[in-house]
Amino acid sequence: MGKRKSRTSKLLAQPRKVAKLDTVFSCPFCNHAGSVECSIDRKHGIAKTSCFICKEFYATTAHALTEPVDVYSDWIDTCVKWIDACEKANEGIRRRVSSYADDEGSYLQAVPFVA
């Protein structure tokens, strides 16, 4: 007599479904949902993302494992780095902003930055 198979062995034998990743994204510049599409040219090793509303685009290198979500996240990371660099460059200007009072109230006046 043989032993009956348990229910868990049947569940383990079934293949798991792989979650699908997004291929269409929202634009970080114009905030339109579903306006950014990614194209990957594996033969030449180039991955591009572009918004068909505001015409912004980003290109980077691609390899065999590159997916559209990877290209989009690289674009977002590059945007964040660019914003941080701009804020760091403007930090010197913000320190030199002086305020003065006028008859109508308080105003801010930017003093030119001299390097």
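This is a short walk through the strands of one model and a charged patch on its surface. The model is predicted, so keep that in mind throughout.

Let's start with the sheet. It is open, and it has four strands. The order is β1-β2-β3-β4, and the pairing is antiparallel. Which strands sit at the edges? Those are β1 and β4, each of which pairs on one side only.

Now strand by strand. β1 covers residues 24–25. Its partner is β2, residues 36–41. They pair in the antiparallel sense over two bridges. Look at Phe 25: its bridge partner in β2 is Val 36.

Stay on Val 36. On the β3 side, Val 36 stands opposite Cys 51. So much for that residue.

Next pair: β2 with β3. β3 runs over residues 46–51. How many bridges join β2 and β3? There are six, again in the antiparallel sense. One contact to find on screen is Ser 39, whose bridge partner in β3 is Lys 48. β2 and β3 form a hairpin, with four residues between the strands. Check Gly 45 in that hairpin: Gly 45 takes a positive phi near 75°.

On to β3 and β4. This pair is antiparallel too, over five bridges. Ser 50 has its bridge partner in β4, and that partner is Phe 57. Here we have another hairpin, with five residues between β3 and β4. Which turn residue has a positive phi? Lys 55, at about 65°.

β4 itself, residues 57–61, has two faces. Tyr 58 and Thr 60 make up the covered face. Phe 57, Ala 59 and Thr 61 lie on the uncovered one. Phe 57, then, is the partner of Ser 50 and belongs to the uncovered face.

Past β4 comes a loop, and then α2, residues 68–95. Glu 67 is in that loop. Is Glu 67 buried, exposed or partly exposed? Its relative accessibility is 35%, so Glu 67 counts as partly exposed. The band for that label lies between 20% and 50%.

Last item: the patch. Glu 67 gathers with Asp 70, Asp 74 and Asp 77 on the surface. What charge does the patch carry? It is negative.

To recap: an open antiparallel sheet of four strands, edges at β1 and β4, and a negative surface patch that includes Glu 67.

Technical notes:
Residues numbered from 1 in each chain as written. Predicted model: local features only at pLDDT ≥ 70, side-chain atom pairs only at ≥ 80, totals over all residues. Heavy atoms only, no water. Pairing = 2+ DSSP bridges. Patch = residues over 30% accessible without salt bridge, like charges linked within 9 Å, V, L, I, M, F, W, Y side chains within 5 Å. Areas by Shrake-Rupley, 256 points an atom, 1.4 Å probe, with all protein chains shown as cover. Salt bridge = Lys/Arg side-chain N within 4 Å of Asp/Glu carboxyl O. Lys, Arg positive; Asp, Glu negative; His and termini not counted. Charge placed at Lys NZ, Arg CZ, Asp CG, Glu CD. Buried < 20%, exposed > 50% of the residue type's maximum accessible area, 1.4 Å probe, protein only.
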